[in-house]
Amino acid sequence: MLALALAFGAAASLVGCKGDAAAPTPPRACPDETDPVAVGAPGLPAVSAPADNPQTLQGIALGRRLFHDPILSRDGTQSCATCHEPAFAFSDGGRRFSVGVDGIEGTRNAPALTNAAWNLVNFWDGRVTSLEEQAIEPVENPIEMGETWDRVVTKLQRHPDYPDLFCRVFGTDVITRTRVVQAIAQFERTFVSNNSRYDRWLRGQLQLTPAEQRGLILFEDERGDCFHCHTPGLFTDLVFHNIGLEASPVDRGLAEATGRATDVGKFKTPSLRNVALTAPNMHDGRFETLDEVLDHYISGGVESPNRDPLIRVGQGLPLSEQDKQDIIAFLHALTDTSFVNNPDFLAPDGTP
């Protein structure tokens, strides 16, 4: 009888403990006190944020903190800004390939994020369309951040600040992967560059140097033939080209996303805004200088399946050494010092 009584008492005690355990904290709602912000800038094509992710001051501030926070990585060492540094137009500071949590290099050069709001597709192979989709992949990539989204969400939910910050932006303190990438995308849509020497020349605020003027003329005529793919304004046509880098491309490029043989070796045209700060160049960072880039086009490249007709294999571009240096002078005129020195792009207080 005593054993039975003790067993009953223990069971009752367990039931009591279970009943006394703290109930999960219910989701908290917050009033909508967000301040809308327009996307875009004078002198650039019209653009807007997605209907399901409107741009707000509070969302941008949250995205800024997340962009710089290594909490997104497995070991707390890697943030988005680790490979996309503001001082280098959000490229990787001269590295050919970025290095992830385990010290392993990637296989493509980290693209600059200048004027990211205008991206119709993202990554060199265009495998995703939106900035929101783009922000999903690096977290779970084993050679980048090497984390899982479930663990990221758990870490953010337990953080002393993030639940309140998410509540202000999304009206609830429940953190999800979708809300994380929406906030990061809002921040990235503020990466607007439209104040280079070229832009100020267009606005009548300064004169280009003689070399810059000659370079602009060459850039926009058939001799330099730059304008077809690097259309002034955004300085990209936002599509894909095989520019004759390899006879048999090792990296399949766009074909990785589409599965089409006709897309092998095609990569997204990068913007040339701030290109003087984003070396090394090309999807694989093979060219360390703008001189090397121009030399490739002057040589005509190599014959390759899917080579763009604009690449004149066996003929190249009829440019002298002086012509080349003038084009490079113009490319330097696309550097936007106010963009790369914008304090609003740096890590906010409280971010590791």
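Student: Why is Asp92 called buried?

Tutor: Happy to explain! The relative accessible area of Asp92 is 4%, and buried means under 20% relative accessible area, exposed over 50% and partly exposed in between, with a 1.4 Å probe and protein chains only. So Asp92, at 4%, counts as buried. Before we go on, this is a predicted model, where local features need pLDDT of at least 70 and side-chain atom pairs count only at pLDDT 80 or more, while totals for chains, interfaces and linings use all residues. Residues are numbered from 1 along each chain as its sequence is written, and side-chain values use heavy atoms, with hydrogens and water left out.

Student: What makes Asp92 and Arg95 a salt bridge?

Tutor: A salt bridge is a side-chain nitrogen of Lys or Arg within 4 Å of a carboxyl oxygen of Asp or Glu. For Asp92 and Arg95, the closest N and O atoms are 2.9 Å apart, so the pair fits the definition. Arg95 has a relative accessible area of 41%, so it is partly exposed.

Student: How do you know that Glu246 and Arg286 form a salt bridge, and why does the pair tie together parts that are apart in sequence?

Tutor: Their side chains meet at 3.2 Å, N to O, so they pass the 4 Å limit. Glu246 lies in the loop between β1 (240-241) and α11 (255-258), and Arg286 in the loop between β2 (267-268) and α12 (290-299), so the pair ties together parts 40 residues apart in sequence. Those helices (H or I, at least four residues) and strands (E, at least two) are DSSP runs, numbered from the N terminus.

Student: Why are Glu246 and Arg286 called partly exposed?

Tutor: Glu246 has 22% relative accessibility and Arg286 has a relative accessible area of 25%. Both values lie between the two cut-offs, so both residues are partly exposed.

Student: Which residues are linked in a network of salt bridges?

Tutor: The network links Arg108, Asp125, Arg127, Glu137 and Asp251. The structure holds 27 salt bridges.

Student: What makes six residues in the lining of the second largest pocket nonpolar?

Tutor: The class depends on residue type: Ala, Val, Leu, Ile, Met, Phe, Trp, Tyr, Cys and Pro count as nonpolar, Asp, Glu, Lys and Arg as charged, and the others, Gly among them, as polar. By that rule, the lining has six nonpolar, six polar and three charged residues. α7 gives the most to this lining, with four residues.
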